[in-house]
Amino acid sequence: MKKRIKVTIADFTHLTENLNNPEELALYEAANGNTYDAEIEHDGYAIVDVTDEDYIELAPGEYQLMIEEWTNAGQIGERTLQTMSDPADDKALLYRTVDKEGTEIQAPQSLPKQVVELVANTWFGKKAKKIEE
């Protein structure tokens with residue numbers, strides 16, 4: 001299944017060391033900062049077709065999943081919680097609440113994706129089993 005991602009390579013040192021072909025490195029440089037549909041592998045690597053003939057493979061830290069439009073995340077009483085990627089920060093999500101008609105009730109707030117993940121893991125993660133001695 002394809003997901004929308006943005007290429008966010010901050011440091012090309014590792015790629016430069018591992019890629020012997022300057023043309024291949026140029027594909028990564030040209031893709032950096034752009035948004036693509038990518039196939040996400042079970043190990044977290046993303047495969048991006050940058051042209052009809054060429055593709056790049058990105059490690060989990062080299063891209064961000066993107067939600068480009070307001071998406072319903074759940075209900076809070078009569079309100080709907082919506083989220084989307086923060087256009088000002090690739091590593092953050094915007095959250096807002098709207099009423100039944102779609103009128104914004106609470107203005108968008110930006111939260112780092114890492115905070116959202118930590119809260120989700122705390123609330124919905126599996127509890128570790130106690131090891132008895």
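So, the area buried between domain 1 and domain 2: it comes to about 330 Å², and carbon and sulfur atoms give 38% of that. Keep in mind, please, that this is a predicted model. Who pays on the domain 1 side? Lys6, Gln64 and Leu65 lose the most area to domain 2, and together they account for 86% of what that side buries.

Let me back up and say where these domains are. The domain assignment puts domain 1 at residues 2–65 and domain 2 at 71–124. Their C-alpha centres are 27 Å apart. And how many residues of each are in contact? Four from domain 1 are in contact with four from domain 2.

Okay, what holds charges together across there? The rule finds one salt bridge across the interface. Have a look at Lys6 and Asp90 on your screen: their side chains meet in a salt bridge, 3.1 Å from N to O. There are polar contacts too, with three residue pairs found across the interface of the two domains.

Now let's go to the largest nonpolar core. You'll probably know the general idea: in soluble globular proteins, nonpolar side chains tend to be buried together. Here that core has 17 residues, and the ones that touch the most other members are Ile5, Ile9, Leu15, Tyr28, Val48, Ile56 and Leu58. Which elements feed it? Strand S1 (2–7), helix H2 (22–31), and strands S2 (35–40), S3 (46–49) and S4 (55–58) each supply at least two residues. H2 gives the largest share, with four residues.

Zoom in on Ile5 for a second. If you skip residues up to four places away in sequence, Ile5 still touches quite a list, including Tyr36, Ala38, Ile40, Val48 and Leu58. Further along the chain, Ile5 also touches Tyr63, Gln64, Leu65 and Met66. Two names there should ring a bell, Gln64 and Leu65, since both were among the residues losing the most area to domain 2.

Last stop, Thr97, which you'll find in strand S8, residues 92–98. Buried or exposed, what do you think? Its relative accessible area is 4%, which is under the 20% cut-off, so Thr97 counts as buried. And what does its side chain do in there? A polar atom of the Thr97 side chain lies 3.3 Å from the backbone nitrogen of Gln106. Leaving out residues up to four places away in sequence, Thr97 touches Arg79, Thr80 and Leu81, plus Thr103, Glu104, Ile105 and Gln106. So Gln106 turns up on the contact list of Thr97 as well.

That's my tour, thanks.

Definitions and conventions
Residues numbered from 1 in each chain as written. Predicted model: local features only at pLDDT ≥ 70, side-chain atom pairs only at ≥ 80, totals over all residues. Heavy atoms only, no water. Core = buried A, V, L, I, M, F, W, Y, C linked by side-chain atoms within 4.5 Å. Buried < 20%, exposed > 50% of the residue type's maximum accessible area, 1.4 Å probe, protein only. Contact = heavy atoms within 4.5 Å. Domains from an automatic or database assignment. Buried area = accessible area lost by both parts, 1.4 Å probe. Salt bridge = Lys/Arg side-chain N within 4 Å of Asp/Glu carboxyl O. Polar contact = N/O pair within 3.5 Å; in protein donor to acceptor, adjacent residues only side chain to side chain.
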